[in-house]
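Visitor: Hey, got a minute to walk me through this one? I'd like to start with the sheet and then wander a bit.
Guide: Sure, here it is.

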Amino acid sequence: MARLTTPPHLLTTTLGTAMRWAQTQSMWPATFGLACCAIEMMATGTAHNDLARFGMEVFRASPRQADLMVVAGRVSQKMAPVLRQVYDQMADPKWVISMGACASTGGMFNNYALVQGVDQIVPVDIYVPGCPPGPQSLMHGILTLQDKVMTGELAR
């Protein structure tokens with residue numbers, strides 16, 4: 001009688017694990033650069049830093065083609081509804097990275113004209129600290145987000 005065993009060259013997994021792996025390896029970021037942090041975000045997409053290693057070839061200009069929003073810079077009260085509209089138009093599942101002190105907490109601008117944290121407008125998954133944070137910090141935030149999606153911590 002032959003024994004049923006798995007051949008050594010066969011890979012088995014669950015559908016959920018395969019889906020999470022595909023999501024982490026094909027995140028498409030939307031640009032939402034509002035201040036000096038946007039320069040650092042743009043630098044992250046250059047050849048020197050090479051976001052393509054992580055499955056992010058191009059920052060998308062259309063929210064309907066993106067599933068990751070990187071909010072880079074301070075958000076004014078007038079820009080808040082626009083930010084929410086872009087977020088609502090993004091493909092599901094979607095994630096948000098708050099980049100810099102201004103986007104995360106309002107930074108040094110504690111006044112009525114600026115939102116004191118983008119988490120008041122959209123749900124934030126990862127906070128990248130700094131003023132402005134460098135490309136390496138943003139890449140660390142992206143890798144942290146990918147790890148959380150892969151482990152199922154951020155399942156939506």
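Guide: Keep in mind this is a predicted model. A good place to begin is β3, which is mostly covered, with five of its five residues buried.

Visitor: Which residues of β3 point which way?
Guide: W95, I97 and M99 point one way from β3, while V96 and S98 point the other way, and all are buried.

Visitor: OK, and how many strands are in the sheet, and in what order?
Guide: Four strands, in the order β1-β2-β3-β4, forming an open sheet with parallel pairing. The edges are β1 (29-33) and β4 (126-128); each has a single partner strand, so one side of each is left without a neighbour in the sheet.

Visitor: How much are neighbouring strands turned against each other?
Guide: By 20° on average, ignoring direction.

Visitor: Back to β3 for a second. How many bridges join β3 to β4, and how many pair β2 with β3?
Guide: Three bridges join β3 (residues 95-99) to β4, and the two run parallel. β2 and β3 pair over five bridges, in the parallel sense too.

Visitor: What stands opposite I97?
Guide: In β4, that's I126. Towards β2, I97 is the bridge partner of V70.

Visitor: Any helix on the sheet? Which strands does α3 touch?
Guide: Helix α3 (residues 80-89) packs on the sheet and touches β1, β2 and β3. The direction of α3 makes about 160° with that of β2.

Visitor: Switching topic: where is D67?
Guide: D67 is in the loop between α2 (37-44) and β2 (68-72).

Visitor: Buried or exposed, and why?
Guide: D67 counts as buried because its relative accessibility is 15%, and the cut-off for buried is under 20%.

Visitor: What does the D67 side chain reach?
Guide: The backbone nitrogen of W28, at 2.8 Å.

Visitor: And which residues does D67 touch, leaving out those up to four places away in sequence?
Guide: S26, M27, W28, M90, A91, P93, K94 and W95. You've met W95 already, as one of the buried residues of β3.

Visitor: K94 is on that list. Which ring face does K94 lie over?
Guide: The face of Y87, with 4.5 Å to the ring centre. There's also R74, which lies over the face of F109 at 4.9 Å from the ring centre.

Visitor: Last one: how many aromatic pairs in the whole structure?
Guide: Zero; a search of the whole structure finds no aromatic pairs.

Methods:
Residues numbered from 1 in each chain as written. Predicted model: local features only at pLDDT ≥ 70, side-chain atom pairs only at ≥ 80, totals over all residues. Heavy atoms only, no water. Buried < 20%, exposed > 50% of the residue type's maximum accessible area, 1.4 Å probe, protein only. Polar contact = N/O pair within 3.5 Å; in protein donor to acceptor, adjacent residues only side chain to side chain. Contact = heavy atoms within 4.5 Å. Phe/Tyr/Trp six-rings, centres within 6.5 Å; stacked < 30°, edge-to-face > 60°. Lys NZ or Arg CZ within 6 Å of the ring centre and 35° of its normal. Pairing = 2+ DSSP bridges. Axes fitted to C-alpha atoms, helices over the stretch in contact; angles between N-to-C directions.
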